[in-house]
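User: I am new to protein models and would like to learn how to read their features one at a time. Could you guide me through this one?

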Amino acid sequence: MLAFSAGLIFFACGFSIRLPKNITVNGTDIGGKTRAEALRVLRGNIENELKQKSITVIGKQNKYVFSYPEIGYKDNLQNLLKTVRKNGVYTADVSYYLNGLNEIAAMICADESAPMVEPYAVFNTDGEPFTYYEGSDGKTADYSGLLRDVRASLGADFNDVYVDVKTVKRTLSMNSVKYNTRLLSTFTTRYDGSNAPRAHNIRLASEKINGTVLCNGESFSFNETVGQRTVERGFKSAKIIERGEFVDGVGGGVCQVSTTLFNAALLSGCDMTEFHQHSLAVSYVPPSFDAMVSGTYFDLKFENRTGYTLYIRAVTGRDYVTFNIYGRGDGASYGYSSVVKNNIPAPEEITEDESLVKEGRDGTVSEGYLTVTRNGVSVTKLFRRDKYAPLKRVVLKADGEEETGDTGEAGEI
């Protein structure tokens, strides 16, 4: 403690000793002053001079002006005054700095920079399928260069500093964006628009699918997307197939939606991972190209393996439903063909009750073929085999016609 106290006394005494006459530091005469007085005068001069200065950083967007006390300084005056022993001219080292330079430079660079925005498309659920935007080039300010130039200016004449901003060019073209959103496939089926409940169900299910975006590798589930077909969810009663008969049931017509989507997805290059035939052939697509859904057990599923995003658009009119699928695709084109291999005669029943008469329909054994054309080479492969049950005919007994026995079971599957 005695040694520390002695040091303080020595320091105080040292700064109370008067300097020799005719001493100038940085052009200011401080002869005869104590070191403390000289220090106050010299630093006062530095600060007064600094108050007259400023540094301007000029960007593409704004100007940024900084002055005292944002600009601070450092000096070696204390050490210099300790060394003064005789008359003479002395020069003190004074350096300037901008307080918080790193944060200020980061703020300026953020102001002067802008992210590059590639051209892009927005998928629409109605009107034009896509709205296209050109995007914009980006700008990036040179943070390290700004730090260097500000320090150099403060160490010289406080010259203006210019922010170096470089343009970041877009890498995509609008043509490539449009190619990535081109129409890959379209498929339409028609229905009786006067059948209001069925038309309603078709439109409702289609609306729930419309606007689906399927990234590469993602799977689509019809049941998960459309949800349960119940009265509470807005579906109505219309004809469905149940136990080989056409009967009324909630959600009738939804299978036409799944079938239409099945064909559009197949023609876009999707991998069909789950699909089911109807027990009876339907009229709106050829045999072996239907896709029945029912409850939670029978689903339509497919996976996007094209390598690019797919966009699914549903369009319904008074008597039709269309699915359009957009994307870049996998570079191939797809087609299909249906081949009927055999007919299964419908069993026939004779009745005397005119109200029981039914038209009936033969059953069908069919095959579906998928043709893939890539680089001008087409390959056709068997895609699926199906067997559709016949629908029993019930005909009115003609006068004088004898009973032929029980034919109700003939040909049923």
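User: Does Asp149 count as buried, partly exposed or exposed, and at what relative accessibility?

Analyst: Please keep in mind throughout that this is a predicted model. A residue is called buried under 20% relative accessible area and exposed over 50%, with partly exposed in between. Asp149 counts as partly exposed because its relative accessibility is 27%, whereas Arg148, at 52%, counts as exposed. These two residues form a salt bridge with each other, in which the closest N and O atoms are 3.2 Å apart.

User: How many salt bridges does the structure hold, and which parts of the chain does the pair of Asp137 and Arg170 link?

Analyst: The structure holds 18 salt bridges. In the one between Asp137 and Arg170, the closest N and O atoms are 2.9 Å apart. This pair links distant parts of the chain, since Asp137 lies in the loop between strand 9 and strand 10, while Arg170 lies in the loop between strand 12 and helix 6, 33 residues apart. Asp137 is partly exposed, with a relative accessible area of 26%, and Arg170 is also partly exposed, at 31%. Together with Lys169, Asp137 and Arg170 are linked in a network of salt bridges.

User: Now I would like to understand sheets. In what order do the strands of the open sheet of 4 strands stand, and which are the edge strands?

Analyst: As a general idea, strands of a sheet pair through backbone hydrogen bonds, either parallel or antiparallel. Here the open sheet of 4 strands has the order 13-21-20-14, and its pairing is antiparallel. Strand 13 (182-190) and strand 14 (212-214) are the edge strands, each of which pairs on one side only. From one strand to the next, the twist averages 20°. Strand 13 is joined to strand 21 (residues 320-327) by 8 bridges, and the bridge partner of Phe187 is Phe323 in strand 21.

User: Why is one side of strand 2 and of strand 6 left without a neighbour in the sheet?

Analyst: That open sheet is formed by 3 strands in the order 2-1-6, with mixed pairing. Strand 2 and strand 6 (88-90) stand at its edges with a single partner strand each, so one side of each has no neighbour in the sheet. Strand 1 (residues 23-25) and strand 2 pair in the antiparallel sense over 2 bridges, and Thr24 stands opposite Asp29 in strand 2.

Conventions: Residues numbered from 1 in each chain as written. Predicted model: local features only at pLDDT ≥ 70, side-chain atom pairs only at ≥ 80, totals over all residues. Heavy atoms only, no water. Pairing = 2+ DSSP bridges. Axes fitted to C-alpha atoms, helices over the stretch in contact; angles between N-to-C directions. Salt bridge = Lys/Arg side-chain N within 4 Å of Asp/Glu carboxyl O. Buried < 20%, exposed > 50% of the residue type's maximum accessible area, 1.4 Å probe, protein only.
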